[in-house]
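Hello,

Here is the structure I promised to pass on to you. Please have it open while you read the notes below.

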Amino acid sequence: MRVWIDVTNSPHVVFFRPLIALLRERGHDVTISARDFAQTLELLDDAGLEHTVVGPPHGGASRASKVRAMVGRLSALRRFGAHRGFDVALSHASHELPLAARSLGVRSAYAFDYEFARAQHGLGCRAATRVVVPDAIPQPRLDRLGARLRKVRRFPGLKEEYYLHGFRPDAGVLAALGVDRARVLVVVRTPPEVSLYHLHGSPIFADVLERLGADAEVQAVVLPRTHAQRASLGALELPSLLVPERAVDALSLVALADLVVSAGGTMNREAVALGTPVYTTFAGRLGAVDERLIEEGRLRPLESADELVVERKPAQRAPRTDRDPSLLLDLMLSALE
C-alpha cells in the first residue's frame, strides 16, 4: 500500500514518527510531503525522515496571506500527488492534504485535538474520509466542523501518550545546550502568534519571561516558533534565558525539566504525559482536551506571572500512561474501510 503523509508543523513530526515506523514494519511504502514552517524541516532531518518540500511556506499572521498560501500549496500538493498511485493520505491538522486527496480520488484521514481552529478544521473535516480525534471532544463541536458521527473515530487519552510510547529522555540535550543543572530548569514555549485561533496574543507571556529571565536561581530554555520570535527573545538580554539557535530534542528537554510554561497546546500535553508540572498561558479558547486536564488538576492555567511556583520537580511522580501507537494508526487507516 502507498501512503501519503503531509507534515506542516513541528509537532507533526513526533506525532507521525512512530506511525511511519509501524507502516514500514507492515511493509507499506510511505511518502512524506512537508511545509517549510517553524522547525518542521530541521526535525524531519533530525529524525532521518526523507521528505519533499511542497508548495509555499506558512502564509504568516494575516487571513489574506494565509488564503494565498493555502491556494498555492493546494495546487502544489495536487501536482505532487497526481500519478503516484497513493492509496491513502494521512495528516494531523494539515487541512490542505484531505482537500488535495479528495480532488485526486484518494481516501484520507484527518486528525486533530483542538476543535476551535474552525477555519482549517472546517475544510479538513468536510474533505476527509475519516476524522480522528480524542474522546474528550464532544460530538456537537465536531458537527459544527462538518465531522458527522459516521466519519469520526475516537481514541482515549492524549495523542502525546501514543507517540511517547516507550520514550526515554536523552540527558545529552542538557549538555548540548549548556544548561546549568544547579539551577531550576524551566522550559518555555512561545505563543502561536501566526495562528488565527490565537489572535488576542498572550498578554502575560512577557511578564513570565521577565520573571524567569531575571531570576539567578532559574535556567529558562525558551523554544521559539519562528525566526522573528528568536530575534525578539535575543533582544531582551535577560541573563537567565537560554534560546537555542535551532531545533532541539524538546521531548527530552520537557521530560528533564522541573517546570514547563507554554502558550501553545502540544507542549502542555507532552509535559502532562511526561509527568512534568506545567502551566498554560494559552490566550485562545480552551479546547475540550485542555478543559479536561485542568479539571483533573494536571494542567494549571496561569493568569499572572506572580502565580508561578518555580521549584524542583518532585522525585516521586505518578506513573506515565503509555499507549500503543498501533491503535492510533489503525484508526487513521480506517479511512480505507
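Please keep in mind that this is a predicted model. I will begin with helix 5 and work outwards from there.

Among the elements that cover the buried residues of helix 5 are helix 4, strand 5 and strand 6 (130–134). Helix 5 itself spans residues 118–127, and its buried residues are H121, G122, G124, C125 and A127.

Next, the sheet. Seven strands form an open sheet with parallel pairing, in the order 3-2-1-4-5-6-7. Strand 3 (52–53) and strand 7 (152–155) are at the edges; each has a single partner strand, so one side of each has no neighbour in the sheet. Helix 4 (residues 96–103) packs on this sheet, where it touches strand 1, strand 4 and strand 5 (107–111). The direction of helix 4 makes about 165° with that of strand 4.

If you want to look at one pairing in detail, try strand 1 (residues 2–7) and strand 4 (residues 88–92): they run parallel and are joined by four bridges. Within this pair, V3 of strand 1 stands opposite V88 in strand 4.

Finally, a pocket to look at. The second largest one has a volume of about 340 Å³. Its lining has 15 residues, and V272, G275, T276, R298 and A318 are the closest to the centre. What kinds of residue make up the lining of the second largest pocket? Six are nonpolar, four are polar and five are charged.

Enjoy exploring, and do write back with any questions.

Best wishes

Methods. Residues are numbered from 1 along each chain as its sequence is written. This is a predicted model: local features need pLDDT of at least 70, side-chain atom pairs count only at pLDDT 80 or more; totals for chains, interfaces and linings use all residues. Side-chain values use heavy atoms; hydrogens and water are left out. Two strands pair if DSSP finds at least two bridges between them. Helices (H or I, at least four residues) and strands (E, at least two) are DSSP runs, numbered from the N terminus. Contact means heavy atoms within 4.5 Å. Axes are lines fitted to C-alpha atoms, for helices over the stretch in contact, and angles run from 0 to 180 degrees between N-to-C directions. On a 1 Å grid over the protein atoms alone, a cavity is a set of points where a 1.4 Å probe fits but cannot get out, and a pocket is an open set with protein on both sides within 12 Å along at least five of seven lines; lining residues have an atom within 4 Å of a point. Grid points are joined across faces, edges and corners, and a volume is the space filled by probe spheres set on the points. Ala, Val, Leu, Ile, Met, Phe, Trp, Tyr, Cys and Pro count as nonpolar, Asp, Glu, Lys and Arg as charged, and the others, Gly among them, as polar. Buried means under 20% relative accessible area, exposed over 50%, partly exposed in between (1.4 Å probe, protein chains only).
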